[in-house]
Amino acid sequence: MKKTIITFLLSASLLISCTDLEVTPTSFITKENFFKTQDDATASVTAVYASLNIEPGEQSLFGRNLYFLTDMASDYAAAGVSATNPQVRALSSLTHDATSDRIQLAWRQIYNGINRANVAIDNIPNVQGPDVVKTRLINEAKFIRGLLYFQAVRLWGGVPIVLHEPTSINVESLKSNRASVDAVYAQIISDLKDAENLPSTYTGANVGRATSGAAKAILAKVYLTRKDWPNAILKAKEVINGGYGYALFENFADVFNKTKKNGKEHIFSVQFEPNQAGNGSSGSTFQATSFTGFTATEPADIISDVALFYDIYATGDTRRDVSYTKQLLNPATGTLYTFPKPIFSKYLDVTNLAAPGNLAINFPIIRYADVLLSLAEAINEKDGATTESLELVNQVIRRAFGKPIFTPDLTVDLIGLTTFQLREAIREERKKEFVQEGQRWFDLVRWGTLVTEVKKVTAKNTVSERNNLYPIPQSERNINPVGLPQNDGY
């Protein structure tokens with residue numbers, strides 16, 4: 001997708017700092033004089049997508065900032081020596097509080113994207129152009145809004161539901177109170193159901209936009225999170241049997257090959273290009289923070305415990321050496337460099353190690369392997385360890401070991417498991433499959449195992465039940481303390 005960024009001067013953040021200063025604007029762009037043509041409508045939706053991967057002067061939401069909450073504050077990742085922000089280190093040790101700048105930034109980034117979506121949804125109906133195009137663009141914005149609310153409700157619980165752009169700069173009118181968890185999920189499902197009407201595929205510069213298959217896949221995860229097994233099964237099967245052409249890459253490494261972006265396994269990904277927006281922190285910084293160069297210096301993002309997360313892969317499981325690496329070839333000297341302990345490597349561009357910066361590898365929001373494992377989990381919870389649920393997991397396992405995906409293989413297949421055994425096997429496969437993909441914390445919370453699993457990491461033994469949610473940022477509560485009550489433990 002084109003990386004056009006449109007700033008809407010009338011699109012305010014959800015919750016703003018307030019002062020007594022009144023300023024009369026001398027010039028500004030209004031929605032009335034911006035939203036005129038189909039190109040304007042397209043640009044507004046491009047700005048919605050940009051909320052996921054562009055944050056000038058900061059780490060973007062899916063470029064790295066959300067990683068602190070979904071991965072570093074889980075069990076497998078931790079802050080290395082190069083992570084100098086004390087708030088990042090607090091998240092790693094689970095000693096963070098409501099003043100955390102990373103949590104506050106995630107809240108602002110999520111609601112910035114929601115507000116951009118609201119602006120587009122409210123104003124696109126009024127532009128000139130074919131209704132079919134306008135409907136598609138509105139549904140793309142609804143997809144992103146639903147996706148962002150899905151992140152928010154899992155991170156904080158009930159959050160404010162804001163569905164329209166601000167029409168006033170009055171501080172009181174801008175305040176929004178926490179809604180119930182059920183109400184937030186109802187809105188997510190409504191948005192994603194509308195997004196199910198999106199095209200199934202795109203071509204050319206439009207490749208990477210949200211599709212009907214992506215809406216169904218996220219809906220399957222929503223229902224899985226809600227433990228609505230029948231609907232999780234229904235939506236996952238619609239993805240698998242819907243004629244979308246999704247499939248596993250035969251080679252696990254291809255998932256993170258920059259030459260295979262938006263391939264058959266990529267249902268929806270956040271799009272990244274090298275040094276996009278011309279700002280060193282605006283895109284994806286995973287490469288730079290996983291690799292500090294050919295030195296013994298510990299990178300900013302590290303594995304928390306080698307025995308618990310690196311040594312667990314069986315011999316022949318290709319996922320280990322894609323997710324982590326112990327050695328890299330120094331392109332400047334031709335020397336094979338061995339690191340003191342494994343570093344994260346899914347987002348390392350080995351073709352550009354001499355100049356690590358913002359990388360061109362997309363961030364997968366949901367891929368086909370996730371759908372297979374989600375369906376297996378839902379079937380197992382509803383009907384037990386069936387032939388179907390076992391086969392779904394075995395397809396992921398066979399690919400991991402480089403075996404033909406659809407051919408039974410007694411050397412790696414799971415056979416004859418009980419419901420409990422398959423539940424544990426699925427959880428283990430997800431741990432191995434989705435390293436650094438923003439899945440781990442969400443998985444542990446929905447399974448109710450966060451405290452148990454994180455306590456296994458000595459440096460994270462301060463974890464408690466409070467960590468199943470994040471605190472509402474104190475800066476937001478200062479504006480609306482009654483309408484934004486704090487989560488327990490903070």
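Hi everyone, this is a short walk through the cores and a few helices of the structure above.

It is a predicted model, so local features need pLDDT of at least 70, side-chain atom pairs count only at pLDDT 80 or more, and totals for chains, interfaces and linings use all residues. Residues are numbered from 1 along each chain as its sequence is written, and side-chain values use heavy atoms, with hydrogens and water left out.

Let's begin with the cores. By nonpolar core I mean a set of buried Ala, Val, Leu, Ile, Met, Phe, Trp, Tyr and Cys residues joined through side-chain atoms within 4.5 Å. Buried is under 20% relative accessible area, exposed over 50%, and partly exposed in between, with a 1.4 Å probe and protein chains only. The largest nonpolar core has 134 residues, and F143, W156 and F268 have the most contacts inside it. Its top contributor is helix 6, residues 131–156, with 14 residues. Helices here are DSSP runs of H or I, at least four residues, numbered from the N terminus. Apart from that core lies another one of eight residues, including F294 and Y337.

Now, what does F143 touch, leaving out residues up to four places away in sequence? The partners are L192, A195, L198, A210, A214, A215, I218 and F268, where contact means heavy atoms within 4.5 Å.

Staying with helix 6, 22 of its 26 residues are buried, so the helix is largely enclosed by the rest of the structure. Its end C-alpha atoms are 37 Å apart, which agrees with the 38 Å it should span at 1.5 Å a residue; the expected span is 1.5 Å times one less than the number of residues. After helix 6 comes G157, with a positive phi near 85 degrees.

Helix 8, residues 181–195, reaches 21 Å between its first and last C-alpha, close to the 21 Å expected. Its buried residues, among them Y185, I188 and L192, pack against helix 6 and helix 9.

Helix 3, residues 61–72, is one for the geometry fans: its end C-alpha atoms are only 14 Å apart, short of the 16 Å of a straight helix. In helix 3, 12 of the 12 residues are buried, so it is largely enclosed by the rest of the structure. R64 and D71 are among those buried residues.

Last, a helix pair. W229, I233 and I240 are among the helix 10 residues that meet helix 14, where the partners include Y368, L375 and I379. Thanks for listening!

Key: Helix = DSSP H or I, 4+ residues; strand = E, 2+ residues; numbered from the N terminus.
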